[in-house]
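Work through the exercises below with the sequence and the coordinates at hand. Each task is followed by a stepwise solution.

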Amino acid sequence: MYNYKETPQTTYNNKKEPRINQNNKAILLLILLTFLIICLGTSIGGANTSIKDILSIIVYKILAIPLSKGIDNNDVAIIWNLRLPRVLLAFIVGGSLSVSGAVVQSVLKNPLASPYTLGVSSGASLGIGLLIVSGFSIPFMGKLTMPIVGFLCGIVTIFAIVKFTSIVDKGMSNTTIILSGMVFSLFFNAILTTITALYSEDIKSIVLWQMGSFSMKGWSYVKIGIPFFIIGITGVIFYCKEMDILSFGEEQAKSVGVDTSRIKRNLLVFSAILTGSAVALSGTIGFVDLIVPHLVRRMFGAKHKIVIPICIIFGGCFMVITDLVARTIIVPSELPVGAITALIGAPFFAYIYFKKSK
Amino acid sequence: MLELKNVSCGYDKVDVVRDITFEARRGEILCIVGPNGCGKSTLLKAIGKLIEYSGNIVLDSINIENFNRKELAKNIALMTQTNNIYFPYTVYETVSLGRYAYLKGVLSSLSKDDRNIVIEAIKSVGLFELKDKQISELSGGQLQRVFLARAFAQNPEVILLDEPTNHLDLKCQVEILEYLSCWAKENNKIVIGVLHDLNLVNLFSEKIVMLSQGEIIGKGTPKEVFLEEDLETVYKINVKKFMLKALKKWE
């Protein structure tokens with residue numbers, strides 16, 4: 001018999017839950033690191049600029065405080081119009097994809113699921129493919145037509161999948177969601193393949209878009225990305241506790257009081273907003289969404305209250321670094337960032353993940 | 001008191017259990033027994049409102065249909081059969097999820113009282129030393145106890161247990177059932193368990209509901225239900241003879 005009655009009434013006085021306490025310092029450090037990486041990403045390139053000069057340019061642009069000596073207008077143009085928006089965009093996309101990955105993994109209770117499982121990328125690719133082939137352009141939107149169409153198609157796909165799942169399976173079980181996602185993805189990919197076969201002269205632009213890139217994307221892209229990023233992340237943060245519980249499966253979540261189908265649907269919508277906007281702005285960059293949440297969980301535990309913020313930081317920084325490598329390793333040409341994420345990411349992931357589990 | 005009145009339930013519109021009526025009194029352990037596939041777990045899921053059912057399930061004269069998920073979780077906790085764990089939560093974190101229904105506000109964390117309840121629940125299943133260990137590193141029996149602690153942390157009126165003694169060695173099985181029995185008696189609560197081990201059922205339950213092919217074959221005290229002929233019809237084996245034969249081996 002457990003002597004549960006005799007156990008002294010020790011109170012548990014720590015003000016915060018234990019692991020969260022430990023992690024506060026780590027998060028502060030990580031925020032500093034983020035700042036450093038963003039500065040580094042901005043400073044390195046065809047022409048290197050010192051971090052001091054970059055800060056001076058940013059302050060000059062935002063607060064109109066005069067530039068320090070030795071910075072010419074050319075530097076200002078490169079840093080402010082080209083590199084800074086590029087780095088910020090990479091950060092937003094990396095953060096969005098990672099958070100979205102963490103959400104989908106917990107909601108579907110499947111460590112191998114990713115937002116791409118839900119057909120976002122195939123839907124967006126199909127939309128972009130149709131756009132390129134038809135040469136259509138939304139009036140007044142110019143080059144922003146592509147991200148807008150990509151986003152809409154990605155979102156519509158995920159809604160279609162959720163709707164389809166709820167029709168065939170009222171309880172919205174994970175397996176049904178994953179299988180519907182696969183069915184839709186395969187179907188859309190098949191349509192895209194058919195289209196590219198028929199319009200072979202457009203293959204290159206479709207493939208290039210799919211590989212993902214942050215080049216030649218200025219402030220207009222960042223400005224579009226930020227609202228989606230904020231809406232998506234805020235929405236997700238409200239459901240941290242529910243994601244913890246959903247990681248144990250639907251039955252257990254229900255029995256501790258989670259209204260699973262409503263919360264799953266909401267979380268999938270926020271995840272769709274994050275992935276959809278990321279894919280629309282950069283192309284289909286894989287891998288980040290899958291591995292960053294894993295790394296974060298391994299290093300900081302599985303509590304989503306911690307996992308989500310650190311996913312933003314890790315995912316964002318990782319994307320800034322891979323983009324930096326993609327554009328500097330073979331100057332002056334650029335490699336597709338989607339390839340670099342896996343090239344750097346896979347060995348790094350293997351090292352971190354398997355080192356500890358020995 | 002928890003009452004089931006003409007409850008039928010199942011999957012995909014096919015009723016697995018039909019027309020079940022029984023009541024579980026406070027301070028008692030009620031066991032649902034029957035051969036594999038007779039609908040024991042399905043019935044348990046209906047009481048936990050995990051699946052849809054027809055008929056009425058009434059707790060202290062409130063129909064559980066009137067509870068929302070959170071209210072239900074404060075009244076009825078369900079410990080299901082352990083499944084795979086993919087994410088590295090600690091024992092403490094896992095048990096603290098049982099307090100979810102009591103949290104107010106979206107971003108609030110556990111209050112001091114909540115944390116004490118969680119710690120007490122962990123102590124009650126004897127896992128205090130392991131509270132910061134990751135659940136993926138625990139043995140099957142320890143994991144089972146973690147989920148039991150989470151059910152206690154919900155501070156419910158009724159605990160539903162699906163094979164709570166799975167993966168446990170004999171000592172643990174007895175300890176868990178003794179603890180549950182004490183918990184029910186001292187706090188005047190209800191325990192409803194699905195158990196396969198008829199010896200444990202015989203020892204620990206005040207009341208038994210025996211199912212066969214989705215219908216009630218017998219209900220009452222162990223003495224009333226465990227009749228030699230009835231057991232043989234349900235289990236297709238002479239249970240009493242077998243038990244006595246097994247017992248003889250120990251002499």
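The exercises treat a helix, a helix pair, a chain contact and some backbone angles.

This is a predicted model, in which local features need pLDDT of at least 70, side-chain atom pairs count only at pLDDT 80 or more, and totals for chains, interfaces and linings use all residues. Residues are numbered from 1 along each chain as its sequence is written, while chains are lettered from A and ligands numbered from 1 in the order in which they are written.

**Exercise 1.** Compare the expected span of helix 3 of chain A with the distance between its end C-alpha atoms.

Solution. Helices are DSSP runs of H or I with at least four residues, and strands are runs of E with at least two, numbered from the N terminus. The expected span is 1.5 Å times one less than the number of residues. For the 35 residues of helix 3 of chain A (residues 73–107) this gives 51 Å, and the end C-alpha atoms are 49 Å apart, which agrees.

**Exercise 2.** Decide whether helix 3 of chain A is enclosed by the rest of the structure or not.

Solution. A residue is buried if 20 or more other C-beta atoms, placed from the backbone, lie within 10 Å of its own, exposed if 12 or fewer, and partly exposed in between. In helix 3 of chain A, 26 of the 35 residues are buried, so the helix is largely enclosed.

**Exercise 3.** Classify the packing of helix 3 and helix 12 of chain A by angle.

Solution. Axes are lines fitted to C-alpha atoms over the stretch in contact, and angles run from 0 to 180 degrees between N-to-C directions. Helix 3 and helix 12 (residues 288–300) of chain A pack at about 70°, with axes 7 Å apart. Angles under 35 degrees count as roughly parallel, over 145 as roughly antiparallel, 65 to 115 as roughly perpendicular and the rest as oblique. The two helices of chain A are therefore roughly perpendicular.

**Exercise 4.** State how many residues each chain gives to the contact between chain A and chain B.

Solution. Two residues are in contact if their C-beta atoms lie within 7 Å. Chain B gives 35 residues and chain A gives 29. Helix 4 of chain B gives the most to the side of chain B that touches chain A, with 5 residues.

**Exercise 5.** Locate B:Asn155 and B:Glu163 and find whether each is buried or partly exposed.

Solution. B:Asn155, with a positive phi of about 50°, is in the loop between helix 5 and strand 7 of chain B. It has 19 other C-beta atoms within 10 Å and is partly exposed. B:Glu163 also has a positive phi of about 50° and lies in the loop between strand 7 and helix 6 of chain B. B:Glu163 has 20 C-beta neighbours inside 10 Å and counts as buried.
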